[in-house]
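Work through the exercises below with the structure open beside you. Try each task before reading its solution.

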Amino acid sequence: MRRKTRSIKVGNIFIGSEHPIIIQSMTNTKTEDIEKTVNQILALEKAGCELIRCTVNNEQAAYAIKEIKKQIHIPIAADIHFDYKLALLAIEHGVDKLRINPGNIGSKEKIKKVVDKCKEKGIPIRIGVNSGSLDKDIEGLYGVTAEGLYQSAMKHIRILEEFDFKDIIISIKGSDINMTLESLKMLEKKVDYPFHIGITESGTFLKGTIKSSIGIGALLLHGIGDTIRVSLTADPVKEIEVCKEILNSLSLRRFGINYISCPTCGRTETNLIEIAKKIEERTKDITKDITVAVMGCVVNGPGESKEADLGVACGKNSGVIFKKGNVFLKVKEDQIVDTMVKLIEEY
Ligand code: SF4
């Protein structure tokens, strides 16, 4: 159901409909602080980040890219606002992708310099249109609307295409989900470039997670989105966890165990919340593609557990464990977590 898009190479990965939806994030360290930046990227890699963006807002940041690249394993994108010299410097120092709007670079000569260098090194450019920083001329004509966002994206695309440059990824981030979706729907009819999607400035962990999940989820359900970034006012590692859960929930990708657990109710006779939390925590690094159900009673529990590869229906002082829908074992309450963890590890 994904919209068909061309494949764009970014370092050692590809973005496009022929490839899995790529998870990305952005560092919040000073890029020129190499040690801190590398440490954060390594933590993000470990969490599952597949592409990292760093701000390149000064020459030191551009120089740092070279050293950072030696110590990380995922492609790195440079976020540049309008300074073409920083773009050139970042490319020279090994960046794998640029995020820059060609319409903001200035003269055609300057744009050509950046485009030529990108062509020479095989580096793609992401055009990023935001409702908060729409070009004044476009805003004057269309206002901050879906049409305005679409026209702005087309303006930047045309500039690159004039130079016969088609290694493009596009993001449009409107102030609300509908506006974003409408503009991307207009754009998808005109171009086959991959889309980077996300909800901008979505907020702190809980609010941001909900807003991003709804927004990104709605776009993905329309088949739109080849790479996602969840923006949270939180540790970027959290962004990766949320990205993975969004893709897991829509069955667009599978990251390890699919956990099912009941919300608990008056029938619950155990501390199910603790049991479910402990099982999840102790098996979170296991990457097996299995479904594990942790249910709170022997009335409805077995039904749900039957759908899972491994399940437990917890009753008073004990738990009935199911394997592929069949009763497998009955254990005492204090043995439920250990037994489930062991069975998951051995599965
Ligand atoms: Fe309640 Fe049992 Fe359903 Fe859990 S599985 S919510 S304990 S009825």
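The structure holds 23 salt bridges. A salt bridge here is a side-chain nitrogen of Lys or Arg within 4 Å of a carboxyl oxygen of Asp or Glu. The model is predicted: local features need pLDDT of at least 70, side-chain atom pairs count only at pLDDT 80 or more, and totals for chains, interfaces and linings use all residues. Residues are numbered from 1 along each chain as its sequence is written, and side-chain values use heavy atoms, with hydrogens and water left out.

**Exercise 1. A long-range salt bridge**

Task: Find the salt-bridge partner of Glu-188 and place both residues in the chain.

Solution.
- Step 1. Look at the side chain of Glu-188. It meets that of Arg-3 in a salt bridge, at 3.9 Å from N to O.
- Step 2. Place the two residues. Glu-188 is in helix α7 (residues 177–188), and Arg-3 is in the segment before β1 (8–10). Helices (H or I, at least four residues) and strands (E, at least two) are DSSP runs, numbered from the N terminus.
- Step 3. Check the separation. The pair is 185 residues apart and links distant parts of the chain.
- Step 4. Classify the exposure. Buried means under 20% relative accessible area, exposed over 50%, and partly exposed in between (1.4 Å probe, protein chains only). Glu-188 is partly exposed, at 28%. Arg-3 has 9% relative accessibility, so it counts as buried.

**Exercise 2. Salt bridges at short range and in a network**

Task: Describe the salt bridge between Lys-117 and Glu-120, then that between Glu-281 and Lys-284.

Solution.
- Step 1. Take Lys-117 and Glu-120. Their closest N and O atoms are 3.8 Å apart.
- Step 2. Use the helix. The two residues are three apart in helix α4, so about one helical turn separates Lys-117 from Glu-120. An α-helix has 3.6 residues a turn, so residues three or four places apart point the same way.
- Step 3. Check the surface. Glu-120 counts as exposed, with 56% relative accessibility.
- Step 4. Turn to Glu-281 and Lys-284. Their side chains meet at 3.3 Å, N to O. Lys-284 is exposed, at 51% relative accessibility.
- Step 5. Add the network. Salt bridges also link Arg-53, Asp-79 and Arg-99.

**Exercise 3. A covered helix**

Task: How many of the residues of helix α3 are buried, and what covers them?

Solution.
- Step 1. Count. Helix α3 spans residues 84–92, and seven of its nine residues are buried.
- Step 2. Name them. They are Tyr-84, Leu-86, Ala-87, Leu-88, Leu-89, Ala-90 and Ile-91.
- Step 3. Find the cover. It includes α2 (59–71), β5 (76–79), β6 (97–99) and α4 (108–121).
- Step 4. Inspect the ends. Asp-83 caps the N-terminal end, with a side-chain oxygen 2.9 Å from the backbone nitrogen of Lys-85. Just after α3, Gly-94 has a positive phi of about 95 degrees.
- Step 5. Look at the loop between β5 and α3. His-81 is found there. This residue counts as exposed, at 55% relative accessibility. Leaving out residues up to four places away in sequence, His-81 touches Ile-100 and Asn-104. Contact means heavy atoms within 4.5 Å.

**Exercise 4. The sheet**

Task: In what order do the eight strands of the open sheet run, and which are the edge strands?

Solution.
- Step 1. Read the order. It is β8-β7-β6-β5-β4-β3-β10-β9, with parallel pairing.
- Step 2. Find the edges. β8 (168–173) and β9 (196–197) each pair on one side only. Two strands pair if DSSP finds at least two bridges between them.
- Step 3. Examine one pair. Two bridges join β3 (residues 22–26) to β10 (residues 227–228). Ile-22 has Thr-227 as its bridge partner in β10.

**Exercise 5. Positive phi outside glycine**

Task: Where are Ser-251 and Asn-317 placed?

Solution.
- Step 1. Recall the background. Most residues other than glycine have a negative phi.
- Step 2. Take Ser-251. Its phi is positive, about 55 degrees. It lies in the loop between α9 (236–249) and β11 (258–261). Ser-251 is exposed, at 64% relative accessibility.
- Step 3. Take Asn-317. Its phi is near 65 degrees, also positive. It lies in the loop between β13 (310–315) and β14 (318–323). Asn-317 is exposed, at 51% relative accessibility.

Note on methods
A polar contact is a pair of N or O atoms within 3.5 Å; within protein, one must be able to donate a hydrogen and the other to accept it, and residues adjacent in sequence count only if both atoms are side-chain atoms.
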